[in-house]
Amino acid sequence: MEDSSTPVGLHGPLADLRAALDVARTTSTAVVVDGVEGAGLTTAVSSFVDTIGDDAVTVRRARGLHWESGVSGGILRQLLGDDTGPDEPVAAAEHLALGLHTDDAVATVIIVDDAHHADVHSMQVVMSAVRHRPGAHLLVVATRHPLSGNDPRIDAVLDTADRIIPVDPLGPEDVAQLAARHGMALRPTVAARLAAHTLGRPRAVLALVREAPRDIWTRTDASLPAPRYVAARVTAALEECDAAARRMTEAVSVLGAPTDLTVVSGMAHVDDPWSAVDTGVRAGLLTAHERSQSIELDTVDPMTRVAVLATMSRTAVAAMHHAAADALDDEARALAHRARATALPDRSLADDLVAMAARRGADGEWATAADLFAVAGRMGTDVVDRETTFLRSVDALISAGDIARAADHVAAVESLRETPLRDSVLGYLAILRGRPQEASARLRRAWETVRPVHDPEIAAMICHRQVLHSLARCDGLRLVRWADEAVALVGADHPVAVEVGAIRGLGLGATGRMREALLGYENLWDHNKTGPVGQRVQMGAGWLHLAADEVARARTELESATPTDHLGGSTRIALWAHAWLARTCFVTGDWTGAMRTARAGVDLAERTGTRLMIPLLEWTITQIHALRGDWAAADAATRSRDIAGHDYEVMRVPAALARAAVAEARTDYAGVLRALAPLTGSWARGDVAEPGFWPWPDVYANALVVEGRLDEAETFLAEHEEPARDRDHRSARARLAYARGRLLGARGLVDAAVETFEGALADLDDLPLVYDRARVEFAYGQTLRRAGRRRDADVVITDARDHFRSFGATTYVLRCERELRAGGVRAVIADRPHDALTPQEEAVAALVATGMTNREAAAELFLSVKTVQYHLTRVYAKLGVRTRSELAARRGAEVAARRGAEFAARRGTAPDPAAPDAG
């Protein structure tokens, strides 16, 4: 947890600056602290100085001033006074180092604030002092705003620094923390809006927290103003602009989004725009970005846009909105501008907005639809119509995946009269917030009150919500029924029918109708290859192809479904795609890609408030942490989400799998059984046990075998093997064979076990499921070693170790190496003393000495508890110890002595056996 005394968002830069000071105690060094204006560079450097806490460190400080940037030696005068030394940089550097030196200083810190405004000569001298006087123990800290207008010579000098330390913008959580420190509690969505409005600049955040009316932070529809210092800067900059540049800036501000130069020029009535654009850019008001076929203009940030609008009269703003409506080709944007130019309610305009919003929603562009519905609500003349468009706006926000913003409107939605639409919206929101009981009640009430004959579209919408509810409940049969009901109400070509069609296949697959489901996706894909609907089809097909062992195709489809930045892609769909793409990467051994994808998904889910998806994403993260032996991270991940029986099944299942993965990696097989016990309940029959969807039956069965519950394992495996055979599902069959082979080996049926393991490897032979293959090989090798076939075991376990090592499963690499040592095939046994430990005894002693119980050691080595006790008795006798603590002490002393010998060998000296600290 970050120290409350540390400025928000500056923990990393401060740590980097302290590290640089440590370097300076040895040799001179230079760093540049980079960040945009208002990012907190001065705060970072001042906080660093305040925490030095060493009287033997001297600090000298100077500041670059833009009107002095052409004055040679300006910074040197601030550091040294009038005696700036020679003009030649190296000689001047010597003079600077001598001038700053004090006899009792262990280091001298030279801070140059706003170094982008410094004069070139001074910075050359300062940097030369670092290079030519390493023994002077200088630390140069230069702060810089990387601006397009910087003198390139200054940037060239600063770029010679040893390190660039970036100060990143504040995120929503940082903004909330900063506001809280100054007495303002912000809801997550408000903090996110403030972070976006200020671009995460602490100075602007604090200014608005102090200046804005307090009620602005509690209203969901309030527009954020510009801080006074920004408004003053913008006003001054506009006064310096000519008429054309000012009109261009005003047009861009009214447009509110990056827009083609041609459109802006037409709105501003500027025939030759280049001079106006250059003026606006130099004034710090506009940005101009070249695209492949256009140049797009925008304001430099949202605060500048608001400040520009504040300088315009309402009449001027309305006129510019009218101009925008006439100039824009995008019908939706044009219509929205026409509405914003209209002061009074207009029924006809409201109807046009609703129709346009419906069309964009039908195309899956829900974010655009939400904005249009919101504008329509303000234009409506009838109270009922305004309520309806407001509800549809919130519904569109949910469809777009902006759950946090939608949740801000819950109180307003609940205050409206009860209608099927209202209950449908609240039920929809409850689904994505992970609240199954609330969703069920809301949707049931919506269905009870709707009249399908008179309002088939609302009825179909409720069916769609029931489809999503069923998906989250892992209830494929119910999902398919509601999907078919929606199609019956509005026809197969209706947007709602297309949407449920993209999900229906998952219900079919989860109920054993995989071929029918895949054929359905092929048909959908023929008609929906691009855009938001295509994203939904890609996600559903990718999920299903992963379940059907078509892994390469699944990865391609899921990668196509993850972006949300083009063509109105839905965050909700992207989150499902992130979750299953992470699993695809995991099973194929691409754990770097799996972690990157899953973490990006968690960030997106938390940012948008989509609680439903977080356990599914964190399952992969937790399992990789456990398999890499990062126990602190694995334990933190399993504790971070409190998944209870009242949560959705699609949350409960991966949470259970994550806990089981941690327990299995620790060889805590009783813990595995506890974690997975809920999945053996009646609620998990069917979809949760369907081959290919949730890889847990093999993990549970294996734990039963290791725990000695062989009859239970037999019954459990038989129940799950039958559907895997019936579906001809190769990976599910191989995973279950992994557990079946264990069971056969435990019963002494070694030849049958070998045949089973070989069959599992054959099933996996041409599938890229390297993680599953390594698991089978490991269990196979352990079974062979336990049966006394140690040479065969050595070959198989070596293969398993190499596979585990290839994707970084450190936990199992170490376990494989223990197995190889326990097997003893590679041990040199000639001339071994009669009282030396055998490889098996060595393996048992090593585990018990770490604090493992006999039961835990037996699980780790796949031995019986009696066998471990037998080996341990022989270990005690051979080593002359009587207790586990004496064994641990003896082993610790042996390790220390061995390390001492290795250290001495590296140094070329013999260790002194009498020395107590020889290790």
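The following questions and answers introduce a predicted model.

User: What kind of model is this, and which pLDDT do local features need?
Analyst: This is a predicted model in which side-chain atom pairs count only at pLDDT 80 or more, totals for chains, interfaces and linings use all residues, and local features need pLDDT of at least 70. Residues are numbered from 1 along each chain as its sequence is written, and side-chain values use heavy atoms, with hydrogens and water left out.

User: In the open sheet of three strands, what is the strand order?
Analyst: Strands are DSSP runs (E, at least two residues) and helices likewise (H or I, at least four), numbered from the N terminus; two strands pair if DSSP finds at least two bridges between them. The pairing in this sheet is antiparallel. Strand 6 (259-260) and strand 7 (286-290) each have a single partner strand, so they stand at the edges. The order is therefore 6-8-7.

User: Which residue of strand 8 is the bridge partner of threonine 259?
Analyst: Strand 6 pairs with strand 8 (residues 295-299) in the antiparallel sense, over two bridges. Within strand 8, the partner of threonine 259 is leucine 297.

User: How many salt bridges does the structure hold?
Analyst: A salt bridge is a side-chain nitrogen of Lys or Arg within 4 Å of a carboxyl oxygen of Asp or Glu. One of them joins aspartate 155 to arginine 144, with the closest N and O atoms 3.2 Å apart. Aspartate 155 lies in helix 6 (residues 152-158) and arginine 144 in strand 4 (residues 138-144). The count for the structure is 61.

User: Is arginine 417 buried, partly exposed or exposed?
Analyst: Buried means under 20% relative accessible area, exposed over 50%, and partly exposed in between (1.4 Å probe, protein chains only). Arginine 417 meets glutamate 387 in a salt bridge (3.5 Å, N to O). Arginine 417 lies in the loop between helix 21 (410-414) and helix 22 (420-432) and glutamate 387 in helix 19 (residues 383-400), so the pair ties together parts 30 residues apart in sequence. At 45% relative accessibility, arginine 417 is partly exposed.

User: Which helix gives the largest share of the largest nonpolar core?
Analyst: A nonpolar core is a set of buried Ala, Val, Leu, Ile, Met, Phe, Trp, Tyr and Cys residues joined through side-chain atoms within 4.5 Å. The largest has 175 residues, and those with the most contacts inside it include Trp576 and Leu612. Its largest share, twelve residues, comes from helix 30 (residues 571-587).
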